[in-house]
Amino acid sequence: MKTLKTILGGAALLLAAATGTALAHGDMAPQPVDTKDLPKLGEAWLPENPYRSNPKAIEIGAAAFNQNCARCHGLGAVSGGIAPDLRYLPTGLDGDEWFLTRIRGGSTRDGRVYMPKFEGILSQEAMWSIRAWLETVHEE
Ligand code: HEC
């Protein structure tokens with residue numbers, strides 16, 4: 001009985017590992033981000049992050065990044081090389097503008113999607129939360 005359990009346990013682990021690998025390669029459904037504890041931002045796109053240094057937003061953004069962005073940009077935003085290392089994105093307004101452009105529109109070149117667009121998938125609240133967290137791991 002003990003042996004059977006061990007075998008079954010091993011199989012489950014293997015399955016988990018296989019699924020993990022498939023996810024790491026990209027066909028992962030976007031994860032919903034719960035931002036109900038943050039001030040609502042409305043319909044219009046803001047030019048600058050309204051949540052900069054907001055501890056709640058930073059906490060939400062850290063999780064949202066790991067669920068939606070880390071598979072390409074790396075856990076903790078430390079890139080493994082397939083996508084830019086976002087720790088080096090400029091802080092402040094310049095970085096905000098570029099961040100919003102990319103996260104809303106993604107990046108397609110020669111018909112190939114380098115980065116999927118997140119407009120219509122993540123709320124503006126979720127996007128700026130991710131940005132608030134990113135600035136906490138910024139490197140010069
Ligand atoms: C499928 C992989 C993939 C996912 C998922 C992804 N990105 Fe990207 N991202 C890329 C690639 C590749 C580029 C470079 C695009 C280019 O140079 O045209 C990029 C570029 C960017 C840039 C611009 C960086 C620079 O230095 O110019 C930002 C900002 C960014 N991504 C943020 C995000 C955020 C935030 C998320 C999660 C919501 C995310 N990305 C999810 C692949 C991805």
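Helices are DSSP runs of H or I with at least four residues, strands are runs of E with at least two, and both are numbered from the N terminus. The tour below uses that numbering on a predicted model.

**Stop 1: the whole chain**

Display the chain as a cartoon. Its secondary structure amounts to 5 helices and 2 strands, and the order from the N terminus is α-α-α-α-β-β-α. Colouring by accessibility would show that buried residues account for 33% of the 140 residues. In a contact map restricted to pairs at least 6 apart in sequence, 68% of the contacts join residues at least 24 apart.

**Stop 2: the shell around the ligand**

Select the ligand next, together with its surroundings. The shell comprises 22 residues, and the closest are Cys 69, Cys 72, His 73, Ser 107 and Met 115. Which elements each supply at least two residues of this shell? They are helix 3 (70–73), helix 4 (92–105), strand 1 (107–109) and strand 2 (112–115). Helix 4 gives the largest share, with 4 residues. Sorted by class, the shell holds 16 nonpolar, 3 polar and 3 charged residues.

**Stop 3: polar contacts to the ligand**

Keep the ligand in view and show the side chains of His 73, Trp 98 and Arg 109. His 73 places a polar side-chain atom 2.8 Å from a ligand nitrogen atom. For Trp 98, an N or O atom of the side chain is 2.7 Å from an oxygen atom of the ligand. Arg 109 likewise brings a polar side-chain atom to an oxygen atom of the ligand, at 3.0 Å.

**Stop 4: Tyr 114 and two arginines**

From Arg 109, move to the ring of Tyr 114. The charged end of Arg 109 sits over this ring, 4.3 Å from its centre. The charged end of Arg 112 also sits over the ring of Tyr 114, at 5.5 Å from the centre.

**Stop 5: an aromatic pair between helices**

Ring centres within 6.5 Å define an aromatic pair. By this rule the count is 2 aromatic pairs. One of them is Phe 65 with Trp 133, whose centres are 4.9 Å apart and whose planes meet at 40 degrees, a tilted arrangement. Phe 65 belongs to helix 2 (residues 55–68) and Trp 133 to helix 5 (residues 124–136), so the pair ties together parts that are 68 residues apart in sequence. Are these two rings carried by buried or exposed residues? Phe 65 is buried, at 0% relative accessible area, and Trp 133 is also counted as buried, at 10%.

**Stop 6: Asn 49**

Select Asn 49, in the loop between helix 1 (2–24) and helix 2. Asn 49 is buried, with a relative accessible area of 6%. A polar atom of its side chain lies 2.9 Å from the backbone nitrogen of Tyr 51. The Asn 49 side chain also reaches the backbone oxygen of Trp 128, at 3.2 Å. Beyond its neighbours within four places in sequence, Asn 49 is in contact with Asp 96, Trp 128, Arg 131 and Ala 132.

**Stop 7: Lys 117**

Finish at Lys 117, in the loop between strand 2 and helix 5. Lys 117 is partly exposed, because its relative accessibility is 48%. Setting aside residues up to four places away in sequence, Lys 117 touches Ile 103, Arg 104, Gly 105 and Gly 106. A C-alpha to C-alpha distance label between Lys 117 and Ile 103 should read 6.1 Å, for residues 14 apart in sequence.

Notes: Residues numbered from 1 in each chain as written. Predicted model: local features only at pLDDT ≥ 70, side-chain atom pairs only at ≥ 80, totals over all residues. Heavy atoms only, no water. Phe/Tyr/Trp six-rings, centres within 6.5 Å; stacked < 30°, edge-to-face > 60°. Buried < 20%, exposed > 50% of the residue type's maximum accessible area, 1.4 Å probe, protein only. Lys NZ or Arg CZ within 6 Å of the ring centre and 35° of its normal. Near = heavy atom within 4 Å. Polar contact = N/O pair within 3.5 Å; in protein donor to acceptor, adjacent residues only side chain to side chain. Nonpolar A, V, L, I, M, F, W, Y, C, P; charged D, E, K, R; others polar. Contact = heavy atoms within 4.5 Å.
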